[in-house]
Amino acid sequence: MSATDQYVEALTHLKAGELGLLRTHAGLGLDESVDGFDLFAGIWWPLREKNERAPRREVAWLIAKLYAFCPIMHSPGDYFACQLGLCQPNDERERRRYQGRFDQLLLLPIGLIEPALHLALDNIASKSPRVDWVKLTDDLSIWERERTRLRWAEQFLQINERTRSC
């Protein structure tokens, strides 16, 4: 089991009160609240001590807040971009707007991506409430790499074209 798997598993075992506390930190940095920092440190630091390959702190904090916001089921192989592609509206005009928002998401730096991922998770939760949290964490860990964003675009388009499955 990878360090990312262990981290996601730890998130899935959080209690309702802990998830609620993390939800109140949406849009906030890790160092903006002692309560948030303490909760996060209790989850992330033991993994980081054991394994240097644990998700980096910034991404782990983002994933913790996203999971608390929308604790949909972890489902290996249900990649975020694929799941988002499945949520496209049927109306052509709405679909183009939806695709435009996805394109904008791909251009966001990791420090500004949280609101767009919240909206995306809302969409996923309404249609197909499952996502591969481990892969999402790993992808966001290397978000600066162009090939990560290209892979997301390909996964999204594959669903859009409905020629292949993700």
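**Salt bridges, a nonpolar core and a buried cysteine**

In this predicted model, a salt bridge links the side chains of Asp139 and Arg151, with a nitrogen-to-oxygen distance of 3.0 Å. Because Asp139 belongs to helix α8 and Arg151 to helix α9 (residues 146-161), the pair ties together parts that are twelve residues apart in sequence. Asp139 is buried, its relative accessible area being 3%, whereas Arg151, at 24% relative accessibility, counts as partly exposed. Elsewhere, Arg56, Glu58 and Glu144 are joined into one network by salt bridges that share partners. In the whole structure, nine salt bridges are found. In general, side chains of opposite charge can pair when their charged atoms come close.

Two further pairs lie within helix α6, and the first of them is formed by Glu92 and Arg96, whose side chains meet in a salt bridge at 3.6 Å, N to O. These residues are four places apart in the helix, which means that about one helical turn separates them. Glu92 is partly exposed, with 42% relative accessibility, while Arg96 is exposed, with a relative accessible area of 52%. The second pair consists of Arg97 and Glu94, for which the closest N and O atoms are 3.3 Å apart; both residues lie in α6, three residues apart, about one turn of the helix. Arg97 and Glu94 are each partly exposed, at 48% and 32% relative accessibility.

The largest nonpolar core contains 48 residues, of which Tyr7, Ile63, Phe80, Trp133, Leu140 and Trp152 touch the most other members. Helix α4 (residues 57-69) supplies the largest share of this core, namely nine residues. When residues up to four places away in sequence are not counted, Ile63 touches Tyr7, Leu11, Trp133, Leu136, Thr137 and Leu140. Both Tyr7 and Leu11 are among the buried residues of helix α1 (residues 3-12), together with Ala3, Thr4 and Val8. These five lie on the same side of α1, because they cover an arc of only 135 degrees around its axis. The elements that cover the buried residues of α1 include α3 (34-50), α4, β1 (73-74) and α8 (133-141).

Cys87 is located in the loop between α5 (80-86) and α6 (92-107). With a relative accessible area of 5%, Cys87 falls under the 20% cut-off and is therefore buried. Apart from its neighbours within four places in sequence, Cys87 is in contact with Tyr98, Asn123, Ile124 and Lys127. Cys87 and Ser128, although 41 residues apart in sequence, are separated by 7.8 Å in space, C-alpha to C-alpha.

Note on methods:
Residues are numbered from 1 along each chain as its sequence is written. This is a predicted model: local features need pLDDT of at least 70, side-chain atom pairs count only at pLDDT 80 or more; totals for chains, interfaces and linings use all residues. Side-chain values use heavy atoms; hydrogens and water are left out. A nonpolar core is a set of buried Ala, Val, Leu, Ile, Met, Phe, Trp, Tyr and Cys residues joined through side-chain atoms within 4.5 Å. Buried means under 20% relative accessible area, exposed over 50%, partly exposed in between (1.4 Å probe, protein chains only). Helices (H or I, at least four residues) and strands (E, at least two) are DSSP runs, numbered from the N terminus. Contact means heavy atoms within 4.5 Å. The arc is that of the directions from the helix axis to the C-beta atoms. A salt bridge is a side-chain nitrogen of Lys or Arg within 4 Å of a carboxyl oxygen of Asp or Glu.
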